[in-house]
Amino acid sequence: MTDDNSPQKQAFAGVRVVELAQWVFVPVAAALLADWGADVIRIEPPEGDPYRGLATQGVGTDRGGPNLSMALANRGKRSIALDVRRAEGLAVLHQLLESADVFITSLRPSALERLGLDADTVRKRYPRLIYARGHGFGARGPDADKPGYDSSAFWARGGVGHVLTPTEREYPISQRGAMGDRNGAMALAFGIATALLERAKTGMGTTVDVSLLATAMWMLSSDLLAALNGGDVAAVTGRGPGVNPLTGTYMTRDRRHIQLMFLQGDRYWPAFARLIGREDLVEDPRFVNMAARRANSAACIEELDGVFAKHTLEEWKHLLAELDAPWAPVQSVHEVVDDPQVAANGYIGEVRLDDGLVYRLPTVPVQLNHEPPALRRAPEHGEHTEAVLLELGYDWERIGSLNEKGVIP
(Lines give C-alpha, C1' and ligand atoms only; values in the text may rest on other atoms or scores of the structure.)
Protein backbone atom coordinates (compact mmCIF):
# COMPACT_ATOMS: atom_id res chain seq x y z
CA MET A 1 0.00 0.00 0.00
CA THR A 2 1.07 3.60 -0.43
CA ASP A 3 2.20 6.04 2.23
CA ASP A 4 0.33 9.22 3.12
CA ASN A 5 2.65 11.43 1.05
CA SER A 6 2.39 9.60 -2.26
CA PRO A 7 1.11 11.70 -5.21
CA GLN A 8 -2.08 9.69 -5.69
CA LYS A 9 -2.89 9.98 -2.00
CA GLN A 10 -3.04 13.76 -2.42
CA ALA A 11 -5.29 13.90 -5.49
CA PHE A 12 -8.13 15.54 -3.48
CA ALA A 13 -5.92 17.04 -0.78
CA GLY A 14 -7.33 20.39 0.33
CA VAL A 15 -10.87 19.45 -0.71
CA ARG A 16 -13.32 19.50 2.19
CA VAL A 17 -16.45 17.39 1.90
CA VAL A 18 -19.37 17.72 4.30
CA GLU A 19 -21.51 14.60 4.27
CA LEU A 20 -25.09 14.44 5.57
CA ALA A 21 -26.10 10.91 4.64
CA GLN A 22 -26.88 7.44 5.93
CA TRP A 23 -26.61 3.80 4.88
CA VAL A 24 -24.44 2.99 1.82
CA PHE A 25 -24.97 4.79 -1.51
CA VAL A 26 -23.94 8.36 -0.71
CA PRO A 27 -21.49 7.53 2.13
CA VAL A 28 -19.54 5.27 -0.23
CA ALA A 29 -19.24 8.11 -2.75
CA ALA A 30 -17.71 10.30 -0.04
CA ALA A 31 -15.41 7.44 1.01
CA LEU A 32 -14.04 7.28 -2.54
CA LEU A 33 -13.09 10.95 -2.27
CA ALA A 34 -11.53 10.31 1.15
CA ASP A 35 -9.47 7.50 -0.39
CA TRP A 36 -7.69 10.08 -2.53
CA GLY A 37 -7.09 12.60 0.25
CA ALA A 38 -10.28 14.64 0.72
CA ASP A 39 -11.14 15.73 4.25
CA VAL A 40 -14.60 14.19 4.63
CA ILE A 41 -16.55 15.34 7.69
CA ARG A 42 -19.42 12.95 8.18
CA ILE A 43 -22.41 14.31 10.11
CA GLU A 44 -24.34 11.63 11.97
CA PRO A 45 -27.42 12.13 14.15
CA PRO A 46 -26.84 11.82 17.90
CA GLU A 47 -28.23 8.28 17.82
CA GLY A 48 -25.89 7.31 14.97
CA ASP A 49 -26.34 6.08 11.42
CA PRO A 50 -28.76 3.11 11.49
CA TYR A 51 -26.26 1.26 9.31
CA ARG A 52 -24.06 0.93 12.40
CA GLY A 53 -26.62 -1.52 13.76
CA LEU A 54 -26.52 -3.75 10.70
CA ALA A 55 -26.57 -7.43 11.65
CA THR A 56 -26.45 -9.53 8.51
CA GLN A 57 -24.16 -11.69 6.37
CA GLY A 58 -21.67 -12.13 9.22
CA VAL A 59 -20.08 -8.74 8.55
CA GLY A 60 -22.09 -6.47 10.84
CA THR A 61 -22.76 -6.21 14.54
CA ASP A 62 -23.41 -9.95 14.77
CA ARG A 63 -19.77 -10.70 13.96
CA GLY A 64 -18.34 -9.73 17.32
CA GLY A 65 -15.83 -7.28 15.82
CA PRO A 66 -15.91 -4.15 13.65
CA ASN A 67 -18.94 -3.66 11.45
CA LEU A 68 -17.08 -4.26 8.19
CA SER A 69 -19.91 -2.94 6.01
CA MET A 70 -19.79 0.31 7.95
CA ALA A 71 -16.00 0.33 7.74
CA LEU A 72 -16.06 -0.08 3.96
CA ALA A 73 -18.59 2.74 3.48
CA ASN A 74 -16.88 5.24 5.78
CA ARG A 75 -13.15 4.59 5.63
CA GLY A 76 -10.88 7.59 6.00
CA LYS A 77 -13.53 10.04 7.24
CA ARG A 78 -14.06 12.09 10.38
CA SER A 79 -17.36 11.78 12.24
CA ILE A 80 -19.25 14.48 14.08
CA ALA A 81 -22.46 13.64 15.94
CA LEU A 82 -24.85 16.55 15.49
CA ASP A 83 -28.61 17.14 15.60
CA VAL A 84 -29.17 19.38 12.58
CA ARG A 85 -32.89 19.54 13.37
CA ARG A 86 -32.02 21.98 16.17
CA ALA A 87 -31.07 25.56 15.34
CA GLU A 88 -27.69 25.29 17.07
CA GLY A 89 -26.87 22.09 15.18
CA LEU A 90 -27.90 23.60 11.86
CA ALA A 91 -25.69 26.59 12.63
CA VAL A 92 -22.71 24.26 13.08
CA LEU A 93 -23.48 22.66 9.72
CA HIS A 94 -23.51 26.05 8.02
CA GLN A 95 -20.17 26.93 9.60
CA LEU A 96 -18.79 23.76 8.05
CA LEU A 97 -20.28 24.65 4.67
CA GLU A 98 -18.56 28.03 4.75
CA SER A 99 -15.21 26.27 4.29
CA ALA A 100 -16.47 23.27 2.32
CA ASP A 101 -15.95 22.45 -1.33
CA VAL A 102 -18.60 19.73 -1.51
CA PHE A 103 -21.87 19.09 0.31
CA ILE A 104 -23.08 15.53 -0.27
CA THR A 105 -26.41 14.23 1.00
CA SER A 106 -28.88 11.36 0.77
CA LEU A 107 -31.75 13.18 2.49
CA ARG A 108 -34.96 13.38 0.53
CA PRO A 109 -36.06 16.72 -0.98
CA SER A 110 -38.80 17.34 1.59
CA ALA A 111 -36.40 16.86 4.50
CA LEU A 112 -33.81 19.14 2.90
CA GLU A 113 -36.42 21.84 2.30
CA ARG A 114 -37.59 21.69 5.94
CA LEU A 115 -33.99 22.30 7.02
CA GLY A 116 -33.41 25.05 4.46
CA LEU A 117 -30.79 22.80 2.83
CA ASP A 118 -32.37 22.42 -0.59
CA ALA A 119 -30.06 22.91 -3.55
CA ASP A 120 -31.31 26.37 -4.60
CA THR A 121 -31.05 27.81 -1.09
CA VAL A 122 -27.64 26.34 -0.29
CA ARG A 123 -26.02 27.17 -3.61
CA LYS A 124 -27.33 30.73 -3.47
CA ARG A 125 -25.67 31.12 -0.07
CA TYR A 126 -22.46 29.30 -1.12
CA PRO A 127 -22.04 29.83 -4.88
CA ARG A 128 -18.71 27.97 -5.08
CA LEU A 129 -20.05 24.89 -3.32
CA ILE A 130 -20.56 21.59 -5.17
CA TYR A 131 -23.98 20.31 -4.08
CA ALA A 132 -24.20 16.54 -4.63
CA ARG A 133 -27.33 14.43 -4.12
CA GLY A 134 -27.92 10.70 -4.24
CA HIS A 135 -31.54 9.74 -4.97
CA GLY A 136 -33.62 6.63 -5.26
CA PHE A 137 -35.63 7.79 -8.29
CA GLY A 138 -34.22 11.14 -9.44
CA ALA A 139 -34.56 14.80 -8.51
CA ARG A 140 -37.77 15.41 -10.46
CA GLY A 141 -41.05 13.65 -11.16
CA PRO A 142 -43.85 12.22 -9.00
CA ASP A 143 -41.53 9.90 -7.05
CA ALA A 144 -38.69 12.32 -6.37
CA ASP A 145 -39.50 12.31 -2.65
CA LYS A 146 -40.13 8.58 -2.42
CA PRO A 147 -37.70 6.57 -0.26
CA GLY A 148 -35.51 4.24 -2.28
CA TYR A 149 -32.91 1.63 -1.44
CA ASP A 150 -30.92 -0.34 -3.98
CA SER A 151 -33.15 -3.42 -3.75
CA SER A 152 -36.21 -1.33 -4.60
CA ALA A 153 -35.00 1.53 -6.80
CA PHE A 154 -32.09 -0.21 -8.53
CA TRP A 155 -32.79 -3.93 -8.56
CA ALA A 156 -36.59 -3.99 -8.75
CA ARG A 157 -37.75 -0.83 -10.48
CA GLY A 158 -34.60 -0.47 -12.58
CA GLY A 159 -35.25 -3.80 -14.29
CA VAL A 160 -32.07 -5.57 -13.15
CA GLY A 161 -33.84 -8.25 -11.14
CA HIS A 162 -36.31 -8.96 -13.94
CA VAL A 163 -33.78 -9.35 -16.73
CA LEU A 164 -31.50 -11.57 -14.62
CA THR A 165 -34.23 -13.90 -13.35
CA PRO A 166 -34.57 -17.18 -15.27
CA THR A 167 -38.07 -17.56 -16.66
CA GLU A 168 -38.55 -20.88 -14.87
CA ARG A 169 -38.39 -19.16 -11.45
CA GLU A 170 -41.65 -18.20 -9.77
CA TYR A 171 -40.06 -15.26 -7.92
CA PRO A 172 -37.29 -12.86 -8.99
CA ILE A 173 -33.82 -13.67 -7.73
CA SER A 174 -32.54 -11.47 -4.92
CA GLN A 175 -29.60 -9.18 -5.42
CA ARG A 176 -26.37 -9.30 -3.46
CA GLY A 177 -25.74 -6.67 -0.80
CA ALA A 178 -25.61 -3.03 -1.88
CA MET A 179 -24.85 -3.74 -5.55
CA GLY A 180 -26.73 -0.69 -6.77
CA ASP A 181 -25.46 1.46 -3.92
CA ARG A 182 -21.78 0.89 -4.68
CA ASN A 183 -22.20 1.27 -8.43
CA GLY A 184 -24.21 4.45 -7.93
CA ALA A 185 -21.52 5.72 -5.56
CA MET A 186 -18.87 5.40 -8.28
CA ALA A 187 -21.04 7.53 -10.58
CA LEU A 188 -21.67 10.12 -7.86
CA ALA A 189 -17.96 10.38 -7.06
CA PHE A 190 -17.23 10.80 -10.77
CA GLY A 191 -19.86 13.56 -10.97
CA ILE A 192 -18.29 15.37 -8.02
CA ALA A 193 -14.82 15.13 -9.57
CA THR A 194 -16.26 16.52 -12.81
CA ALA A 195 -17.92 19.41 -10.95
CA LEU A 196 -14.68 20.23 -9.14
CA LEU A 197 -12.87 20.36 -12.48
CA GLU A 198 -15.57 22.63 -13.90
CA ARG A 199 -15.31 24.91 -10.85
CA ALA A 200 -11.56 25.19 -11.38
CA LYS A 201 -12.36 26.65 -14.81
CA THR A 202 -15.41 28.80 -13.99
CA GLY A 203 -15.08 29.56 -10.28
CA MET A 204 -18.68 28.44 -9.72
CA GLY A 205 -20.17 25.38 -8.09
CA THR A 206 -22.88 23.19 -9.54
CA THR A 207 -25.43 20.56 -8.54
CA VAL A 208 -24.64 16.88 -9.10
CA ASP A 209 -27.43 14.29 -9.17
CA VAL A 210 -27.23 10.51 -9.40
CA SER A 211 -30.10 8.10 -8.78
CA LEU A 212 -30.20 4.36 -8.21
CA LEU A 213 -32.83 4.08 -10.94
CA ALA A 214 -30.55 5.76 -13.49
CA THR A 215 -27.64 3.59 -12.32
CA ALA A 216 -29.66 0.46 -13.11
CA MET A 217 -30.57 1.78 -16.54
CA TRP A 218 -26.93 2.57 -17.31
CA MET A 219 -25.88 -0.94 -16.30
CA LEU A 220 -28.59 -2.38 -18.56
CA SER A 221 -27.67 -0.17 -21.52
CA SER A 222 -27.41 -3.11 -23.92
CA ASP A 223 -30.94 -4.22 -23.06
CA LEU A 224 -32.24 -0.66 -23.19
CA LEU A 225 -30.79 -0.22 -26.67
CA ALA A 226 -32.82 -3.22 -27.78
CA ALA A 227 -36.00 -1.97 -26.07
CA LEU A 228 -35.60 1.54 -27.48
CA ASN A 229 -35.32 0.17 -30.99
CA GLY A 230 -38.22 -2.26 -30.96
CA GLY A 231 -36.17 -5.31 -30.06
CA ASP A 232 -37.00 -8.10 -27.65
CA VAL A 233 -35.52 -8.12 -24.15
CA ALA A 234 -36.03 -11.62 -22.85
CA ALA A 235 -35.08 -12.85 -19.39
CA VAL A 236 -32.45 -15.55 -19.30
CA THR A 237 -33.70 -19.12 -19.34
CA GLY A 238 -31.72 -22.29 -18.75
CA ARG A 239 -28.11 -21.78 -19.84
CA GLY A 240 -29.01 -18.67 -21.77
CA PRO A 241 -29.07 -18.05 -25.53
CA GLY A 242 -26.90 -20.33 -27.62
CA VAL A 243 -26.43 -18.00 -30.59
CA ASN A 244 -22.65 -18.38 -30.38
CA PRO A 245 -21.64 -21.67 -28.73
CA LEU A 246 -18.17 -20.21 -28.17
CA THR A 247 -19.59 -17.67 -25.71
CA GLY A 248 -21.20 -20.31 -23.53
CA THR A 249 -20.64 -21.89 -20.12
CA TYR A 250 -19.61 -25.54 -19.93
CA MET A 251 -19.57 -28.03 -17.05
CA THR A 252 -16.42 -29.93 -16.18
CA ARG A 253 -16.12 -33.51 -14.92
CA ASP A 254 -16.13 -32.29 -11.30
CA ARG A 255 -19.26 -30.21 -11.95
CA ARG A 256 -17.49 -26.87 -12.06
CA HIS A 257 -17.88 -24.43 -14.94
CA ILE A 258 -15.77 -22.73 -17.60
CA GLN A 259 -16.95 -19.54 -19.33
CA LEU A 260 -15.82 -19.17 -22.94
CA MET A 261 -15.99 -15.70 -24.47
CA PHE A 262 -14.78 -16.18 -28.05
CA LEU A 263 -16.73 -13.32 -29.59
CA GLN A 264 -14.57 -13.61 -32.70
CA GLY A 265 -15.43 -17.26 -33.12
CA ASP A 266 -13.78 -17.80 -36.50
CA ARG A 267 -10.53 -16.43 -35.15
CA TYR A 268 -10.35 -18.93 -32.29
CA TRP A 269 -12.26 -21.98 -33.54
CA PRO A 270 -9.46 -23.87 -35.38
CA ALA A 271 -6.89 -23.49 -32.58
CA PHE A 272 -9.49 -24.29 -29.91
CA ALA A 273 -10.71 -27.43 -31.70
CA ARG A 274 -7.16 -28.70 -32.08
CA LEU A 275 -6.34 -27.91 -28.44
CA ILE A 276 -9.26 -29.99 -27.15
CA GLY A 277 -8.33 -32.89 -29.42
CA ARG A 278 -11.21 -32.43 -31.87
CA GLU A 279 -9.49 -31.35 -35.07
CA ASP A 280 -12.32 -33.08 -36.93
CA LEU A 281 -14.62 -30.24 -35.90
CA VAL A 282 -12.57 -27.63 -37.79
CA GLU A 283 -13.81 -28.72 -41.21
CA ASP A 284 -17.18 -30.07 -40.07
CA PRO A 285 -19.64 -28.24 -42.36
CA ARG A 286 -22.00 -27.73 -39.41
CA PHE A 287 -19.41 -25.72 -37.53
CA VAL A 288 -17.06 -24.39 -40.20
CA ASN A 289 -17.82 -20.70 -39.53
CA MET A 290 -19.87 -18.36 -37.34
CA ALA A 291 -22.99 -18.66 -39.49
CA ALA A 292 -22.82 -22.45 -39.52
CA ARG A 293 -22.26 -22.69 -35.77
CA ARG A 294 -25.19 -20.38 -35.17
CA ALA A 295 -27.47 -22.45 -37.38
CA ASN A 296 -26.32 -25.63 -35.65
CA SER A 297 -25.73 -24.23 -32.17
CA ALA A 298 -27.52 -27.05 -30.34
CA ALA A 299 -25.33 -29.68 -32.03
CA CYS A 300 -22.17 -27.65 -31.39
CA ILE A 301 -23.02 -27.19 -27.72
CA GLU A 302 -23.69 -30.92 -27.42
CA GLU A 303 -20.25 -31.71 -28.85
CA LEU A 304 -18.52 -29.28 -26.50
CA ASP A 305 -20.52 -30.53 -23.51
CA GLY A 306 -19.09 -33.98 -24.13
CA VAL A 307 -15.56 -32.65 -24.41
CA PHE A 308 -15.67 -30.51 -21.27
CA ALA A 309 -17.16 -33.36 -19.24
CA LYS A 310 -13.95 -35.36 -19.71
CA HIS A 311 -11.71 -33.21 -17.52
CA THR A 312 -11.78 -31.49 -14.13
CA LEU A 313 -11.71 -27.74 -13.69
CA GLU A 314 -8.02 -27.78 -12.77
CA GLU A 315 -7.20 -29.85 -15.82
CA TRP A 316 -9.10 -27.44 -18.05
CA LYS A 317 -7.35 -24.45 -16.49
CA HIS A 318 -3.96 -25.95 -17.37
CA LEU A 319 -5.09 -26.91 -20.89
CA LEU A 320 -6.78 -23.61 -21.77
CA ALA A 321 -3.80 -21.66 -20.46
CA GLU A 322 -2.12 -22.61 -23.74
CA LEU A 323 -4.80 -20.77 -25.73
CA ASP A 324 -4.49 -17.00 -26.17
CA ALA A 325 -8.24 -16.41 -26.02
CA PRO A 326 -10.76 -14.96 -23.53
CA TRP A 327 -12.07 -17.56 -21.07
CA ALA A 328 -12.32 -17.88 -17.29
CA PRO A 329 -13.30 -20.34 -14.60
CA VAL A 330 -16.58 -19.56 -12.83
CA GLN A 331 -15.24 -18.85 -9.35
CA SER A 332 -16.78 -18.65 -5.91
CA VAL A 333 -16.27 -15.47 -3.89
CA HIS A 334 -13.81 -17.34 -1.66
CA GLU A 335 -11.80 -18.26 -4.76
CA VAL A 336 -11.85 -14.65 -5.95
CA VAL A 337 -10.37 -13.49 -2.64
CA ASP A 338 -7.51 -15.96 -3.03
CA ASP A 339 -7.01 -15.39 -6.77
CA PRO A 340 -3.31 -14.60 -7.51
CA GLN A 341 -4.41 -11.84 -9.90
CA VAL A 342 -6.26 -10.16 -7.03
CA ALA A 343 -3.15 -10.33 -4.85
CA ALA A 344 -0.82 -9.13 -7.62
CA ASN A 345 -2.93 -6.02 -8.25
CA GLY A 346 -3.69 -5.11 -4.63
CA TYR A 347 -7.44 -5.51 -5.01
CA ILE A 348 -7.70 -6.48 -1.33
CA GLY A 349 -6.23 -4.15 1.26
CA GLU A 350 -5.63 -4.25 5.00
CA VAL A 351 -6.74 -1.91 7.75
CA ARG A 352 -4.71 -1.98 10.97
CA LEU A 353 -6.32 -0.65 14.13
CA ASP A 354 -4.47 0.80 17.10
CA ASP A 355 -5.24 -2.27 19.21
CA GLY A 356 -3.45 -4.48 16.69
CA LEU A 357 -6.59 -5.85 15.04
CA VAL A 358 -6.25 -6.28 11.27
CA TYR A 359 -9.11 -6.76 8.84
CA ARG A 360 -9.26 -6.84 5.06
CA LEU A 361 -11.46 -4.84 2.70
CA PRO A 362 -11.76 -4.63 -1.08
CA THR A 363 -9.99 -1.56 -2.43
CA VAL A 364 -11.54 0.88 -4.88
CA PRO A 365 -11.07 -0.47 -8.44
CA VAL A 366 -9.43 2.80 -9.54
CA GLN A 367 -5.63 2.90 -9.23
CA LEU A 368 -3.21 5.76 -9.84
CA ASN A 369 0.47 5.16 -10.64
CA HIS A 370 -0.22 1.42 -10.47
CA GLU A 371 -1.44 1.49 -6.89
CA PRO A 372 -4.77 1.63 -5.03
CA PRO A 373 -5.21 4.19 -2.25
CA ALA A 374 -4.13 3.17 1.23
CA LEU A 375 -7.09 2.03 3.31
CA ARG A 376 -7.79 3.88 6.56
CA ARG A 377 -10.21 2.92 9.28
CA ALA A 378 -13.72 4.32 9.59
CA PRO A 379 -14.44 6.67 12.52
CA GLU A 380 -16.40 5.73 15.58
CA HIS A 381 -19.74 7.49 15.99
CA GLY A 382 -19.05 11.14 16.77
CA GLU A 383 -15.36 10.45 17.29
CA HIS A 384 -14.27 13.88 16.02
CA THR A 385 -17.14 16.02 17.29
CA GLU A 386 -15.12 18.07 19.77
CA ALA A 387 -12.09 18.34 17.48
CA VAL A 388 -14.17 19.69 14.59
CA LEU A 389 -15.98 22.16 16.83
CA LEU A 390 -12.66 23.41 18.18
CA GLU A 391 -11.48 23.91 14.59
CA LEU A 392 -14.59 26.03 14.00
CA GLY A 393 -13.65 28.28 16.93
CA TYR A 394 -15.89 26.85 19.65
CA ASP A 395 -14.49 26.91 23.17
CA TRP A 396 -15.16 24.19 25.73
CA GLU A 397 -17.91 26.20 27.39
CA ARG A 398 -19.89 26.43 24.15
CA ILE A 399 -19.24 22.77 23.41
CA GLY A 400 -20.56 21.87 26.86
CA SER A 401 -23.65 23.98 26.23
CA LEU A 402 -24.35 22.09 22.99
CA ASN A 403 -24.07 18.86 24.90
CA GLU A 404 -26.46 20.01 27.60
CA LYS A 405 -29.03 20.99 24.96
CA GLY A 406 -28.77 17.59 23.23
CA VAL A 407 -27.35 19.08 20.02
CA ILE A 408 -24.32 16.79 20.41
CA PRO A 409 -24.18 13.62 22.54
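Which strands form a hairpin, and which residue in the turn has a positive phi? In this predicted model, the hairpin is built from β10 and β11, with 5 residues between the two strands, and the turn residue with a positive phi, of about 95°, is G356. The two arms, β10 with residues 348-352 and β11 with residues 358-362, pair in the antiparallel sense over 5 bridges, and within this pairing I348 is placed opposite P362 of β11. The two faces of β11 can be told apart by their covering, since Y359 and L361 make up the covered face, whereas V358, R360 and P362 belong to the uncovered one.

Two open sheets can be described in turn. One of them consists of 6 strands with parallel pairing, arranged in the order β3-β2-β1-β4-β5-β6. Its edges are occupied by β3, residues 78-81, and β6, residues 207-211, each of which pairs on one side only. On average, and with direction ignored, neighbouring strands of this sheet are turned by 20° against each other. Within the sheet, the parallel strands β1 (residues 16-20) and β2 (residues 39-44) are joined by 5 bridges, and V17 has V40 of β2 as its bridge partner. Helix α3, which spans residues 87-98, packs on this sheet and touches β1, β2, β3 and β4 (102-105), while its direction makes about 150° with that of β1.

An open sheet of 3 strands, in the order β7-β8-β9, has antiparallel pairing. Because β7 (249-251) and β9 (327-329) stand at the edges with a single partner strand each, one side of each is left without a neighbour in the sheet. Here, too, the average turn between neighbouring strands is 20°, direction ignored. Strand β8, residues 257-260, runs antiparallel to β9 and is joined to it by 3 bridges, with I258 standing opposite P329 of β9. Helix α13, formed by residues 297-308, lies across β7 and β8 and runs at about 45° to β7.

Packing between helices is illustrated by α8 (residues 179-202) and α9 (residues 212-219), whose axes come within 9 Å and cross at roughly 90°. With angles of 65 to 115 degrees counted as roughly perpendicular, α8 is therefore roughly perpendicular to α9. On the α8 side the contact is made by G180, D181, N183 and G184, and on the α9 side by L212, T215 and M219. Classified by residue type, this contact of α8 with α9 has 2 nonpolar, 4 polar and 1 charged residues.

The surroundings of R75, a residue of the loop between α2 (68-74) and β3, can also be described at the level of individual contacts. R75 counts as buried because its relative accessibility is 3%, which lies under the 20% cut-off for that class. The side chain of R75 is joined to that of D35 by a polar contact of 2.8 Å, and the R75 side chain also reaches the backbone oxygen of L72 at 2.2 Å. When neighbours within four places in sequence are left aside, R75 is in contact with A31, L32, A34 and D35, as well as with V364, L375, R376, R377 and A378.

Notes: Residues numbered from 1 in each chain as written. Predicted model: local features only at pLDDT ≥ 70, side-chain atom pairs only at ≥ 80, totals over all residues. Heavy atoms only, no water. Pairing = 2+ DSSP bridges. Helix = DSSP H or I, 4+ residues; strand = E, 2+ residues; numbered from the N terminus. Axes fitted to C-alpha atoms, helices over the stretch in contact; angles between N-to-C directions. Contact = heavy atoms within 4.5 Å. Buried < 20%, exposed > 50% of the residue type's maximum accessible area, 1.4 Å probe, protein only. Polar contact = N/O pair within 3.5 Å; in protein donor to acceptor, adjacent residues only side chain to side chain. Parallel < 35°, antiparallel > 145°, perpendicular 65-115°, else oblique. Nonpolar A, V, L, I, M, F, W, Y, C, P; charged D, E, K, R; others polar.
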